[in-house]
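Hello,

Here is the structure I said I would pass on. My notes on what turned up in it follow below.

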Amino acid sequence: MKTLHITFPRHIAILYWMIRTSEAFETMQEFISLLWTALRRYPFSFVGLSYMFLSMAFCYWPISGHWFAGFMMMSLPVALIWGGLASIFLLVKKQRVVATVGLVWCLLATPLARRFMGVGTEKPMTALQNANSLKVLSFNSAKFADFPSDFAQWNELDADIACFQEYSPNATVEKNYSEKAVLLADDLTEEVGLGLLSKYPIVKKYGRIWNREGQPNINGYIVADIAYKGDTVRVVNVHFWSMGIRINQAFDALQEGKIASFFRELGDSFGRLKFGFDSRYQQIDEVQEYVAGSRYPVILCGDFNETPFGYAYGKMSLLYKNAFEEVGKGMGFTLNRQPYFVRIDQQFYSHQWQIQSRETVSSVGFSDHFPLMAHYTLNKPVDLNPQVLVAKVD
């Protein structure tokens, strides 16, 4: 039987021999051996560190829209707790190198904490800035189903531009605006969809309602180019696909001692979350086509239906700043039902804007979401002669 000999160029063979005989190679071998021994002794801690690293990496660089990556991103707070405890445990067990690496990873996640906890303050405006400011409202109004006839908080909802999700035509609201772009579902007996109302002229508009088989088609987006004080700005109202998870039913079943029903609801929620992650992966890419290359200043707001550690949020963060991260205070939770401790409504803006304030209007409680109000000033003009184009949204 013939022996197969593989030959390398002479300089590569010499380099390989030098590495094999060097102290660095021996040190690396020893490190890998120690790492493998520690891994076999403390597998739970190593899994925790690995999970923390992957979750953090996906949040910084959302390169995958796969549902598994979505779950990992959303679980970052849990991953950080797990990884931090694992690092401390390994430090106690004198696995100092690995423990140090884990603690450094925890510190590298610090900038991501801004997505969860706001420490910003409102920026004082000069008289000129105040005269050229733009007030933007984003609100999932839940079809105005529980809108009180004697509603007296108009001053808290008064805005130059209002973006509504789950919008049903409301004459009381629309009378405060001179322009509107509305997209409604065409497969429902009731009128519900997206609404973008403006006190400034809308010169171009486009939108789409996504088709969701077996579910109400109320999710989509509206893009509106608006003539604003001699400039053109682009405002985008989005409502990404709802998860449809039934947290209330799961809590109720647990309180009633119905363990089987509790786990059944959790399993159903898992399936809905998986479906939601896969769907928003495609939707955020479609929306980005209208904002990534925009020559106009952009404000994008709406109901993202995921936490700030989700894929859609991460992708948008690569392009624009988030209003809450810049000037938000506290937790900024926007959901007015269980689970209350989440912020799924967002406002993003491009670099041409300067944000002055951002507020969750928790005093307005007729919807299952709280309204978001943000105050912007434009840093520089972009288009001094906007042209009126054919609108594609009624």
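One sheet to start with: it is open, has 6 strands with mixed pairing, and runs in the order E6-E7-E8-E9-E12-E10. Please keep in mind throughout that this is a predicted model. At the edges of the sheet are strand E6 (202–209) and strand E10 (321–322), each of which pairs on one side only.

Within that order, strand E7 (residues 220–228) and strand E8 (residues 231–239) are paired in the antiparallel sense, over 9 bridges. For aspartate 225, the bridge partner in E8 is arginine 234.

Next, a pair of helices. Helix H3 (residues 43–60) and helix H4 (residues 67–74) have axes that come within 8 Å and cross at roughly 100°. An angle of 65 to 115 degrees counts as roughly perpendicular, so H3 is roughly perpendicular to H4. On the H3 side, the contact is made by Tyr51, Leu54, Ser55, Phe58 and Cys59, and on the H4 side by Ala69, Phe71, Met72 and Met73. Sorted by type, the residues of this contact are 8 nonpolar, 1 polar and no charged.

The last item is a single residue, glutamate 325, which lies in helix H13 (residues 323–327). Is glutamate 325 buried or exposed? Its relative accessible area is 18%, and the cut-off for buried is under 20%, so glutamate 325 counts as buried. Apart from its neighbours within four places in sequence, glutamate 325 is in contact with Arg114, Arg115, Tyr313 and Ser317.

Regards

Technical notes
Residues are numbered from 1 along each chain as its sequence is written. This is a predicted model: local features need pLDDT of at least 70, side-chain atom pairs count only at pLDDT 80 or more; totals for chains, interfaces and linings use all residues. Side-chain values use heavy atoms; hydrogens and water are left out. Axes are lines fitted to C-alpha atoms, for helices over the stretch in contact, and angles run from 0 to 180 degrees between N-to-C directions. Helices (H or I, at least four residues) and strands (E, at least two) are DSSP runs, numbered from the N terminus. Angles under 35 degrees count as roughly parallel, over 145 as roughly antiparallel, 65 to 115 as roughly perpendicular and the rest as oblique. Contact means heavy atoms within 4.5 Å. Ala, Val, Leu, Ile, Met, Phe, Trp, Tyr, Cys and Pro count as nonpolar, Asp, Glu, Lys and Arg as charged, and the others, Gly among them, as polar. Two strands pair if DSSP finds at least two bridges between them. Buried means under 20% relative accessible area, exposed over 50%, partly exposed in between (1.4 Å probe, protein chains only).
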